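Here are some short exercises to work through with the structure open beside you. Try each task before you read its solution.

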Amino acid sequence: MPAVRKICCIGAGYVGGPTMAVIADRCPQIEVTVVDLNAARIAAWNGDDLDGLPVYEPGLAVVVDRCRGRNLFFSTDVESAIAAADMVFLSVNTPTKTSGHGAGKASDLRWIEASARQVASCAKGHTIVVEKSTLPVRTAEAVAAILSQPQVSGATFSVLSNPEFLAEGTAISDLEGPDRVLIGGEDADAIEALAAIYAQWIPAERILRTNTWSSELSKLAANAFLAQRISSINSIAALCEATGANVAEVARAIGLDSRIGPRFLQAGPGYGGSCFQKDILNLVYLCEHYGLKEVAAYWQQVVELNFWQQDRIARLVVQKLFGTVTGKRLALFGFAFKADTNDTRESPAIRIGKRLIEEGAHLAIHDPKVSDDQISRDLGQAPVSKADGFGALGSWESVASPLEAATGADAVIILTEWSSFQSLDWLAIASVMRRPAWLFDARTVAQVDQARAAGLNVWRIGEG
Ligand code: UDX
Ligand code: ADP
């Protein structure tokens with residue numbers, strides 16, 4: 001099979017954008033075109049303002065700047081890009097279904113199906129189709145079935161699964177130096193064509209080849225194991241608080257067992273992000289489909305514990321503030337699901353924020369990267385104007401600095417581990433808060449000794 005010369009990627013989101021930028025960077029001989037139906041998103045990828053790219057990732061702007069216009073292009077002309085490509089990546093969104101059979105668990109595959117149909121109708125010659133989006137096991141079969149319909153153009157296809165393991169906030173370093181790359185498929189030539197692309201910068205032993213179903217399932221299993229570790233440490237955090245143990249000490253002690261390992265043992269407000277919950281729910285759905293009731297229940301519990309952790313924190317805030325937050329100003333530090341990203345999908349701050357709003361609190365939210373529009377969509381209500389500000393029950397506003405958020409507040413609640421929260425001036429913050437005032441550090445980032453010295457009451461996750 002001749003080497004791949006032109007790649008088209010359908011979907012210019014968190015996965016498609018960074019992945020294609022790094023492929024273009026590392027493979028200057030390949031022309032990469034990223035297409036999307038969303039014209040505003042493509043315009044932002046093409047914009048002069050590199051701070052305004054649709055995805056915020058450390059290091060991304062530099063890579064885009066180096067390749068854009070050279071061998072990396074962003075376009076809304078989906079059809080032409082597919083027709084020109086030897087290889088098409090499907091990186092479209094696959095959220096959890098909200099209605100119909102499998103609602104709340106199964107993935108909504110309408111965008112995958114639509115893009116597969118588009119490939120079927122526009123491709124020319126032999127085209128390798130690569131599943132990049134996180135998908136339920138056996139989706140490749142469905143994609144292959146759509147592509148196997150007789151094509152007017154006489155095009156032929158091979159379908160591969162090549163799941164994405166990048167984590168947001170470290171996407172560029174994950175793509176440049178991945179632990180492994182997984183390629184699943186049945187067509188050896190197609191597998192080698194894709195492997196040859198990654199081999200441009202990734203050591204051969206890290207490029208794994210499996211059958212299609214193993215590849216698809218490995219993605220779900222890897223995310224389920226990671227999420228399970230977080231629910232496990234969060235369950236222990238609650239027990240630490242009850243018994244006087246310290247979860248950071250316990251995590252260190254167990255993490256030194258080389259069989260357990262030290263990573264992903266940070267207790268917090270629960271995991272967020274577009275993958276963990278969706279992938280476990282997919283796994284649960286799959287188990288139920290195959291009659292594995294007990295296995296489904298086992299994984300479902302990882303998700304339940306995650307919700308419980310978020311509700312527990314919201315309840316605890318209310319309880320510490322004399323059982324009521326009605327009419328109180330609460331400063332939320334951080335809204336993104338983790339640091340170094342503007343993504344809020346499944347962020348613990350959403351559920352915790354909604355619970356506190358339901359209790360009548362006024363939230364003053366400060367996040368260095370998340371936009372007001374995004375917070376409005378997530379909380380399901382618009383911010384109050386400054387004029388109404390303090391008085392409005394069950395409301396929120398966004399503020400530019402931690403100090404402004406804390407002004408007049410009864411509590412500061414840290415929900416995202418932004419590095420700027422490590423060096424806050426607690427003396428200054430405490431001086432503008434209403435007493436008695438609390439710091440709830442759900443991410444173990446604040447200098448709590450300073451906060452205590454400044455007169456704040458302090459609750460920290462997992463500390464008894
Ligand atoms: C995850 C996987 O890591 C990645 O391999 C997969 O492709 C997509 O899903 P991502 O969601 O971007 O990546 O972020 P990740 O760093 O895994 O964090 C997920 C959530 O877990 C965040 O909310 C984070 O704050 C939380 N977390 C992580 C903890 O609470 N404790 C930890 O120890 C680690
Ligand atoms: P992910 O995190 O998986 O990258 P995103 O929602 O960030 O998910 O990005 C997916 C992108 O795919 C969106 O920008 C959406 O507009 C785009 N998309 C979905 N379906 C199609 C399609 N048929 N053709 C082109 N783009 C599509």
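**Exercise 1.** Find which polar atoms of the protein lie beside ligand 2 in this predicted model.

*Solution.*
- Step 1. Start at D36, where a polar side-chain atom lies 2.6 Å from an oxygen atom of ligand 2.
- Step 2. Move to R345: an N or O atom in its side chain is 3.1 Å from an oxygen atom of ligand 2.
- Step 3. Now look at the backbone of L37, which has a polar atom 3.3 Å from a nitrogen atom of ligand 2. With a cut-off of 3.5 Å, these pairs count as polar contacts.
- Step 4. Turn to the cover: on its own, ligand 2 has 580 Å² of accessible area, and the protein covers 89% of it.

**Exercise 2.** Describe the shell around ligand 2 by class and by helix.

*Solution.*
- Step 1. Sort the shell residues by class: six are nonpolar, seven polar and three charged.
- Step 2. Look for the element that gives the most; this is helix α5 (residues 110-122), with three residues.
- Step 3. Pick out the nearest of the 16 residues, which are Y14, V15, D36, R41 and R345.

**Exercise 3.** Work out where ligand 1 lies with respect to domain 1 and domain 2.

*Solution.*
- Step 1. Gather the neighbours: 18 residues surround ligand 1, and F165, E168, Q266, K338 and R443 are the closest.
- Step 2. Check the domains. Ligand 1 lies between domain 1 (6-210) and domain 2 (306-460), because both give residues to its shell.
- Step 3. Add the helix with the largest share, α9 (residues 212-243), which provides three residues.
- Step 4. Inspect the polar atoms: R443 places a polar side-chain atom 2.7 Å from an oxygen atom of ligand 1, while an N or O atom in the side chain of K219 is 3.2 Å from an oxygen atom of this ligand.
- Step 5. Finish with burial: the protein buries 90% of the 660 Å² that ligand 1 exposes when taken alone.

**Exercise 4.** Classify the ring pairs Y198 with W201 and Y298 with W299.

*Solution.*
- Step 1. The whole structure holds nine aromatic pairs.
- Step 2. For Y198 and W201, the ring centres are 5.7 Å apart and the planes stand at 55°, so this pair is tilted. Both residues are buried.
- Step 3. For Y298 and W299, the centres are 5.1 Å apart and the planes stand at 80°, so the pair is edge-to-face.
- Step 4. Compare accessibility: Y298 is partly exposed at 48%, whereas W299 is buried at 10%.
- Step 5. Ring pairs join Y298 and W299 with F225 in a cluster.

How values were computed: Residues numbered from 1 in each chain as written. Chains lettered and ligands numbered in written order. Predicted model: local features only at pLDDT ≥ 70, side-chain atom pairs only at ≥ 80, totals over all residues. Heavy atoms only, no water. Near = heavy atom within 4 Å. Polar contact = N/O pair within 3.5 Å; in protein donor to acceptor, adjacent residues only side chain to side chain. Areas by Shrake-Rupley, 256 points an atom, 1.4 Å probe, with all protein chains shown as cover. Helix = DSSP H or I, 4+ residues; strand = E, 2+ residues; numbered from the N terminus. Nonpolar A, V, L, I, M, F, W, Y, C, P; charged D, E, K, R; others polar. Domains from an automatic or database assignment. Phe/Tyr/Trp six-rings, centres within 6.5 Å; stacked < 30°, edge-to-face > 60°. Buried < 20%, exposed > 50% of the residue type's maximum accessible area, 1.4 Å probe, protein only.
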